[in-house]
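User: Please choose one part of this model and look at it closely, explaining its surroundings step by step for someone in the first year of study.

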Amino acid sequence: MQKLLIIAVLTIVLSGCSGFPGVYKIDIPQGNVVNQEMVDQLRPGMTENQVRFIMGSPLITDTFHEGRWDYLYSKKSGSENDEGYIRERISLYFKDGKLSGLNGDFRPGGGKSDN
């Protein structure tokens, strides 16, 4: 009985070890994948349908500001040797159903901003 109790305690303790050698951890991506090529295709005055065709459906539509769409992406790497945690966001603003501006980690015709 004592051996069984020791084995059970050791199993519980070792199962909680996150750095246990040989354990594979998966990457955990969440949200909308947005890249610079997609943002470069956006033009002021585009309709919501045209923007949705390029960017996909937004992750968040702000209920308090109907003309705002938010695209969020995060990725937690399972590997200790990788970048770790990536977080990107971009907000698109519409006025009268037309794209009027954007704000976030990407800039049209450029690269990612240093926010």
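Analyst:
**Ser91 and its surroundings**

Leaving aside neighbours up to four places away in sequence, Ser91 is in contact (heavy atoms within 4.5 Å) with Arg68, Trp69 and Asp70, and also with Gly101, Leu102 and Asn103. The model is predicted, so local features need pLDDT of at least 70 and side-chain atom pairs count only at pLDDT 80 or more, whereas totals for chains, interfaces and linings use all residues. Residues are numbered from 1 along each chain as its sequence is written, and side-chain values use heavy atoms, with hydrogens and water left out.

Ser91 belongs to strand S4; helices (H or I, at least four residues) and strands (E, at least two) are DSSP runs numbered from the N terminus. Ser91 counts as buried because its relative accessibility is 1%, where buried means under 20% relative accessible area, exposed over 50%, and partly exposed in between (1.4 Å probe, protein chains only). Its contact partner Asp70 is 21 residues away along the chain, yet the two C-alpha atoms are separated by 4.4 Å.

Ile90 adds to this picture, since Trp69, Asp70, Leu102 and Asn103 are among the residues that Ile90 touches beyond four places in sequence, and Val34, Val39, Met55, Tyr71, Gly104 and Phe106 are also on that list. Ile90 is, together with Leu42, Val51, Met55 and Leu92, one of the residues with the most contacts inside the largest nonpolar core, which has 15 residues. Such a core is a set of buried Ala, Val, Leu, Ile, Met, Phe, Trp, Tyr and Cys residues joined through side-chain atoms within 4.5 Å. Strand S4 (85–95) supplies at least two residues of this core, and so does each of helix H2 (36–40), helix H3 (48–55) and strand S3 (68–76). In soluble globular proteins, nonpolar side chains tend to be buried together.

Helix H3 meets S4 through its buried residues, which pack against H2, S3, S4 and strand S5 (98–104). These buried residues are Val51, Ile54 and Met55, and they line one face of the helix because, seen down the axis of H3, they fall within an arc of 80 degrees (taken from the directions from the helix axis to the C-beta atoms). An α-helix has 3.6 residues a turn, so residues three or four places apart point the same way. On the other side of H3, Asn49 and Phe53 are exposed. Arg52 is also in this helix, and it counts as partly exposed because its relative accessibility is 35%. Trp69, one of the contact partners of Ser91, is touched by Arg52 as well, along with Ser57 and Pro58. After H3 comes Gly56, with a positive phi near 90 degrees.

Ser57 and Pro58 appear again around Asn32, which touches them together with Leu59, Tyr71, Leu72 and Tyr73, not counting residues up to four places away in sequence. Asn32 lies in the loop between strand S1 (28–31) and H2, and it counts as buried because its relative accessibility is 15%.

Finally, the whole chain gives this close look its setting. Three helices and five strands make up the secondary structure, and along the sequence they follow the pattern α-β-α-α-β-β-β-β. Of the 115 residues in the chain, 25% are buried. Among contacts between residues at least 6 apart in sequence, 47% join residues at least 24 apart.
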